[in-house]
Amino acid sequence: MGKNSASGSKLNYKQTFLIGFGFMACMLMWSIYNSYVPVIFRAKLTELTGGGGKLPAFLSVALIVNAIMTIDNIFGVIFQPYFGKKSDRTNTKWGKRMPYIIICLPICAVFFSLIPVAATVKAAGLSIILMMTVIIFFNFTMSIWRSPVVSLMPDFTPSALQSDANAVINIMGGIGQMIGFVIGTIATALVGLLGFTALHDALKAKANTLGQILEVNADGTPVVKYFGEFAGGVPANHKETIENFIASGRDSLYFNGKNFSSSGSEADLVAQKVVKLVGGEPVYVNYTPIFVVAAIIAVLCLCILVLFYKKNKENDLSSKVQIKESENGSNKIKIKDLPISNEERRSLLVMLASLFLINNATEAIVPNFTNFALDTLDVKPIYSTLMMAVFAVSLAAFGIPAGAMGRKLGRKKTIIIGLSVIVIMFAIYLAVSQVINNKAFTWIVLWIALVVGGAAVGCININTLPLVLAIGGRDYVGTFTGYYYTATFSAAITGPILCGLVIGLFNDNYNYMFLFCAVMFAIGLATITQVKHGESKPEDEEWIKEAVEAAED
C-alpha cells in the first residue's frame, strides 16, 4: 500500500478507500430509490385511479410511474453540472466540495426517509402529493452534492494515478449498491430483533400489487371468493388458472383475453382476492424501516468522510488550483461544423442513434423490475432486489474482460456480441414465459439471463464511450464526450416513459417490459452495424483511457 503525497508515485489506497464512502452513500440511496419507489407509487396510483380505470385512454398507471422515475435524470441534467462547476469555484476551510456534501447529504437522507412515510397517509390523493413533494426535494438535494462527491477523488489524486483510484471508487459505489439490494432483508431482520413485530410482519407479508396484506386462512392460503361459473367449485380444466391467480401477486385474473376480476357485476366475476381491512382501510406494506436504515448508513458514510477530510485536507490538490473562466468555454461545436470527413460524421450520427436506442432499453429495466417480479414471479421487492444484485455483480465482474475483448476483437465487434447475446436471452425468456408457460423453467431461464445479461451489458457499456471518442480524436475529447452524454441522458428520460407506455397498452402487464427492451436492443444492434469508424490504434489507447476516466469522474 503506497503512502503517496500529492506528488507521490504510488496510489494511497487507504485514502482513496475513505474518499469512496461518499460515492457509496450515493449509490446506496439510488439503488433503494429505484427498487422501491416504483412499487410504492404504483400502489397509491392504482388505488386512486381504480386500477387505472379513471385515467384517460392514453394514460396508464405504469406510464405515470415510469414518468415519475425520470425526475432524477431530469434534475441530473439540469442541476448536477451547475453545482459541479459552482463547487470548482468554492473556497472554504473545508475545501471546494465538502461544504456541499456536509450540508446537503443529511438533508437528502431526511427527505429520502420521508418517502415511505408519505405513502402511509390513508388518503391516496394526499399521499401522492406528499410523496411527489418529498421526492422532488430529495432529487434536488441529491443533485447538489452528487457532483462534488464524485469530484473528491480527482482532488486528492494526481492524474497519473486516477485510473487505479477510479477503480477503487467504483468498487465502493458497487458496495453501496449491493447494500441497497440486500437492505430489505437486513431491515426485516433488524425490526424483528428489535421487537417491532407489526413492521416485521408487514415487510414479510404476502402482498398483492397494491401492497395490501391479504387475508389468509389458517394454513396461510389467501382467501378467495368465487363467482359466476366457478361458484361452488373450480372445474378441473380451469383449476390451474385459478390456483396461479391465488398464488400470484396480481389483482386481476385474465382468462381467454378477458379480465374477470377488476370490473363488472358480481355475476361476471370469476375470482377476487379478499383484502384484509383494519378500520375499513387496506393495510399497506410499510417500507419505512428499509429507507431509514439506508439513510442512517449514508449519514455514517458522511461521518467517515468528514473525519478523513479533517485529517487529510492538506493533500487536497484542488485547494492549490484557481479556476479561470473561459471566454468561449461554453461554445459548442455543431456536428455539421466538425473538421471530420462525411463518412466519419455519418458514423458518429449512427453511433449516437444506436446509443440512444440501447440506453432506452437499459434505463427502462431499472424502474420496472420490482413491479415485474411482483406481478409475474410473485417475488416481493425485498427479495427481487437480490435478483438485481446478481445482475449488478455480473456486470461489475465482467468490466475488465469486456475492456480486454474490446482491445483484442475491436470495440464494435464486442458491442455487437453483447447486444446479440441480450436480444437472444430476451427472446428465449419471452418464449419460455409466454409460450411454454412453465414456471420452473421460466425461473431457470431468468436466472441465467441475469448472469449472462450482466456480462453482455458490460461488453456494451465499457466500449461505447471509447468508440465515440476514437471517432473524434484527441483534439475533440470534450466535444465528443458531450455528444455521448447527450445521447445517454436523453435516453434515460425517454426510456422509462416509452416502456411505461408499452406496458400500459397491454393492461399493465410488466412482461412487455422485456418486449420493449428486446426491440430497442435489436434496432440498436442493426444500427451499430453501420458504424464504420471508431477503432483506435494502439498508440491511442492511453489518451482514450484517460479521457474515459475523466468523463466518468
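Leaving aside neighbours within four places in sequence, threonine 141 is in contact with Cys104, Ile107, Cys108 and Phe111. The model is predicted. Its chain has 18 helices and 6 strands, and 52% of its 553 residues count as buried. The points below begin with threonine 141 in α5, then turn to the chain totals, several helices and a nonpolar surface patch.

**Threonine 141 in α5**
- Helix α5, residues 124-156, is where threonine 141 is found.
- Threonine 141 has a relative accessible area of 8%, and it counts as buried because that value is under 20%.
- A polar atom of the threonine 141 side chain lies 2.9 Å from the backbone oxygen of phenylalanine 137.

**Chain totals**
- About 25100 Å² of the chain is exposed, with carbon and sulfur atoms supplying 63% of that area.
- Of the contacts between residues at least 6 apart in sequence, 78% join residues at least 24 apart.

**Proline 381 in α12**
- Proline 381 has its place in helix α12, which runs over residues 381-397.
- The relative accessible area of proline 381 is 1%, so this residue is buried.
- Beyond four places in sequence, proline 381 touches Tyr36, Val39, Tyr287 and Leu374.
- Threonine 370 is 11 residues from proline 381 in sequence, and the two C-alpha atoms are 5.6 Å apart in space.

**Alanine 402 in α13 and asparagine 463 in α15**
- Alanine 402 belongs to helix α13, residues 399-409, while asparagine 463 is found in helix α15.
- Both residues are buried: alanine 402 has 0% relative accessibility, and asparagine 463 has a relative accessible area of 1%.
- Not counting residues up to four places away in sequence, alanine 402 touches Thr414, Gly458, Cys459, Ile462 and Asn463.
- With sequence neighbours up to four places away left out again, asparagine 463 touches Ala402, Gly406, Arg411, Thr414 and Ile415.
- Thr414 is thus among the residues touched by alanine 402 and among those touched by asparagine 463.
- A polar atom of the asparagine 463 side chain lies 2.8 Å from the backbone oxygen of cysteine 459; Cys459 is also one of the residues that alanine 402 touches.
- Alanine 402 and isoleucine 415 are 13 residues apart along the chain, with 9.2 Å between their C-alpha atoms.

**Nonpolar patch on α14 and α15**
- Val435, Ile436, Phe441, Ile444, Ile448, Val451 and Val452 form a nonpolar patch on the surface.
- Together these residues have about 610 Å² of accessible area.
- Helices α14 and α15 (439-472) each supply at least two residues of the patch.
- The largest share comes from α15, with 5 residues.
- Valine 451, one of the patch residues, has its place in helix α15.
- Valine 451 has a relative accessible area of 42%; because this falls between the 20% and 50% limits, the residue is partly exposed.

**Helix α17 and its cover**
- Helix α17 covers residues 512-528, a run of 17 residues.
- At 1.5 Å a residue, α17 should span 24 Å, and its end C-alpha atoms are 24 Å apart, so the expected and modelled spans agree.
- The buried residues in α17 are Met513, Phe514, Phe516, Cys517, Ala518, Met520, Phe521, Gly524, Leu525, Thr527 and Ile528.
- Cover for the buried residues of α17 includes α10 (342-365), α11 (369-377), α14 (411-436) and α16 (477-505).
- Which residues does alanine 518 touch, not counting those up to four places away in sequence? They are Val423 and Phe426.
- Alanine 518, found in α17, has 12% relative accessibility and so counts as buried.
- Methionine 425 is 93 residues from alanine 518 in sequence, but their C-alpha atoms are 9.0 Å apart in space.

Methods. Residues numbered from 1 in each chain as written. Predicted model: local features only at pLDDT ≥ 70, side-chain atom pairs only at ≥ 80, totals over all residues. Heavy atoms only, no water. Helix = DSSP H or I, 4+ residues; strand = E, 2+ residues; numbered from the N terminus. Expected span 1.5 Å × (residues − 1). Buried < 20%, exposed > 50% of the residue type's maximum accessible area, 1.4 Å probe, protein only. Contact = heavy atoms within 4.5 Å. Patch = residues over 30% accessible without salt bridge, like charges linked within 9 Å, V, L, I, M, F, W, Y side chains within 5 Å. Areas by Shrake-Rupley, 256 points an atom, 1.4 Å probe, with all protein chains shown as cover. Salt bridge = Lys/Arg side-chain N within 4 Å of Asp/Glu carboxyl O. Polar contact = N/O pair within 3.5 Å; in protein donor to acceptor, adjacent residues only side chain to side chain.
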